[in-house]
Amino acid sequence: MPSMPHLRPGLGFTTGRRERRPLPKIPVPIARAIVDCAVYIDGHRQPGRIGYSEALEQVRSTGEGFVWLGLHSPDDEQMTGVAEVFGLHELVVEDAVHAHQRPKLEIYDNTQFLVLRTVKYVEHESIEQASEVVETGEIMIFTGPDFVITVRHGDHTHLSGLRRRMEARPERLALGPTAVMHAIADLVVDSYLAVSEKMETDLLAIESSVFGNKKRWLDIEPVYLLKREVLELRRAVTPLTNPLSRLTSNNPLVPKEIRRYLRDVADHLTTVVDRVVEYDEVLSSLLDAAAAKVGIQQNSDMRKISAWVAIGAIPTMVAGLYGMNFDILPGMHDAQGFGLVCLFLVVVCGALWGALRRNHWL
């Protein structure tokens, strides 16, 4: 017999059954999101492993060097803990966690927040068999007087190789946190150049398929696919122009030497932007050409169908007449009448086929 509902103080009516309550969320340790953390003094990495709180305390107590903290896909609690230690604004913390941001530069007092969209070319045998050409991710960079924090989103946004290369050149790291910002921006823009060069191969393949005569039927799907991927690359590349312009201008938070390096990055970005815009225009023209070619193919098919229907209409009409209950049609009572009618149909249909063939309907 089911239990009767009874009243529990402060909880209202229950059925006597044990209520299920959601399990408390167990916080994920910040160490899960940390890729690397180190203190750099005069461009040299200090030995030993150290937490980011201790690292920042060491730098600020001695007044030498800076902290480079690398994070990968942190959650809200992890990023909030980092923000409390480094004094980051709550708005940029939200952006760093949820990602999907446009390239931008935000400045909060003496802290700069730069968002970069990363791209990776997805290898494929041919553009006709590809389902994706460009894979995107994000790198966010916080720079202050004595720290730089990198937050990565995506599986292809590794910076370990960059860190090792910079550690091999301590004179660059000695320029401070903005030197790390420049190195990352340079790496990302160079990847734009590499991806755009590989996409040019796909563009040439599509041009050959659209204007070539090897295939009877034109598959327009690869054109739409590459058009979509070029737009994705354009959304990653074009908005970065303004942040780089602000960094290379008279920005007091960026040393003069770093601004010179950033101008070279801006020049490379301009090359990529021009190339992507050109790809977009070429693909728009290819879409128009492909649509026109498909229309021509459809018109040609309709002419062929109409031609065969016209040829087939003659024997159909004659068969319909002889199938009626008429006794006055030619050849009805002649033994050779059927053969003469068949010969007549062959001659007329053959003549019509020849005429349509000469007019390129068949």
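The following questions and answers walk through a predicted model.

Trainee: Where does UniProt place the feature "transmembrane region"?

Mentor: This comes from the record, in an unreviewed entry. In the model, residues 305-324 are 90% helix and 0% strand. Residues 336-356 are 95% helix and 0% strand. UniProt places the feature at residues 305-324 and 336-356.

Trainee: How far apart are the end C-alpha atoms of residues 336-356?

Mentor: Take residues 305-324 to begin with; their end C-alpha atoms lie 28 Å apart. Now take residues 336-356, a span that is 95% helix. Its end C-alpha atoms are 30 Å apart.

Trainee: What span is expected for helix α10 at 1.5 Å a residue?

Mentor: Helix α10 covers residues 337-358, which makes 22 residues. From its first C-alpha to its last it reaches 32 Å. That is close to the expected value, 32 Å.

Trainee: Which helix is included in what covers the buried residues of α10?

Mentor: Start with the buried residues of α10, including Gly337, Val341, Leu345 and Cys349. Gly354 and Leu356 are buried as well. Their cover includes residues of a helix spanning 256-322. That helix is α9.

Trainee: Which residue with a positive phi follows α10?

Mentor: Helix α10 runs over residues 337-358. Look just past it for a phi near 65°. The residue is His360.

Trainee: Which helix gives the largest share of the largest nonpolar core?

Mentor: That core has 59 residues. Ile184, Tyr192, Met199 and Leu226 touch the most other members. The largest share is 15 residues, and it comes from residues 177-211. That is helix α6.

Trainee: Which residues does Ile184 touch, not counting those up to four places away in sequence?

Mentor: Ile184 is one of the members of the largest nonpolar core that touch the most others. Set aside its sequence neighbours, up to four places away. What remains is Leu116, Ile139, Ile141, Thr150, Leu159 and Leu162.

Trainee: How many residues are in the other core?

Mentor: This core lies apart from the largest one. Among its members are Cys37, Val39, Met79 and Ala96. The count is 27 residues.

Trainee: Is His153 buried or exposed?

Mentor: His153 lies in strand β9, residues 147-153. Its contacts beyond four places in sequence include Ser73, Pro74, Val97 and Met140. Its relative accessible area is 13%, and buried means under 20%. So His153 is buried.

Trainee: Which residue's backbone oxygen lies 2.7 Å from a polar atom of the side chain of His153?

Mentor: Check the contacts of His153, leaving aside neighbours within four places in sequence. They include Ala96, Ala99, Gly137 and Glu138. The backbone oxygen at 2.7 Å belongs to Ala96.

Trainee: How many residues apart in sequence are the parts tied together by Arg45 and Glu167?

Mentor: Arg45 and Glu167 form a salt bridge, with the closest N and O atoms 3.0 Å apart. Arg45 lies in strand β4 and Glu167 in helix α4, so the pair ties together parts of the chain that are 122 residues apart.

Trainee: Which residues join Arg45 and Glu167 in one network?

Mentor: Arg45 is partly exposed, at 33% relative accessible area. Glu167 is partly exposed too, at 26%. Salt bridges that share partners build the network. The residues that join the pair are Asp36 and Arg163.

Trainee: Which helices does the salt bridge of Asp280 and Lys227 tie together?

Mentor: The side chains of Asp280 and Lys227 meet at 2.4 Å, N to O. Asp280 is buried at 10% relative accessibility, and Lys227 is buried at 14%. Asp280 and Lys227 lie in different helices, 53 residues apart in sequence, so the bridge ties together α9 and α7.

Trainee: About how many helical turns separate Glu257 and Arg260?

Mentor: Glu257 and Arg260 form a salt bridge, with the closest N and O atoms 3.4 Å apart. Glu257 is partly exposed at 32%, and Arg260 is partly exposed at 47%. Because they are three residues apart in helix α9, the separation is about one helical turn.

Conventions. Residues are numbered from 1 along each chain as its sequence is written. This is a predicted model: local features need pLDDT of at least 70, side-chain atom pairs count only at pLDDT 80 or more; totals for chains, interfaces and linings use all residues. Side-chain values use heavy atoms; hydrogens and water are left out. UniProt positions are given in the numbering used here, feature names are shortened, and annotations may be inferred rather than shown by experiment. Helices (H or I, at least four residues) and strands (E, at least two) are DSSP runs, numbered from the N terminus. The expected span of a helix is 1.5 Å times one less than its number of residues. Buried means under 20% relative accessible area, exposed over 50%, partly exposed in between (1.4 Å probe, protein chains only). Contact means heavy atoms within 4.5 Å. A nonpolar core is a set of buried Ala, Val, Leu, Ile, Met, Phe, Trp, Tyr and Cys residues joined through side-chain atoms within 4.5 Å. A salt bridge is a side-chain nitrogen of Lys or Arg within 4 Å of a carboxyl oxygen of Asp or Glu. A polar contact is a pair of N or O atoms within 3.5 Å; within protein, one must be able to donate a hydrogen and the other to accept it, and residues adjacent in sequence count only if both atoms are side-chain atoms.
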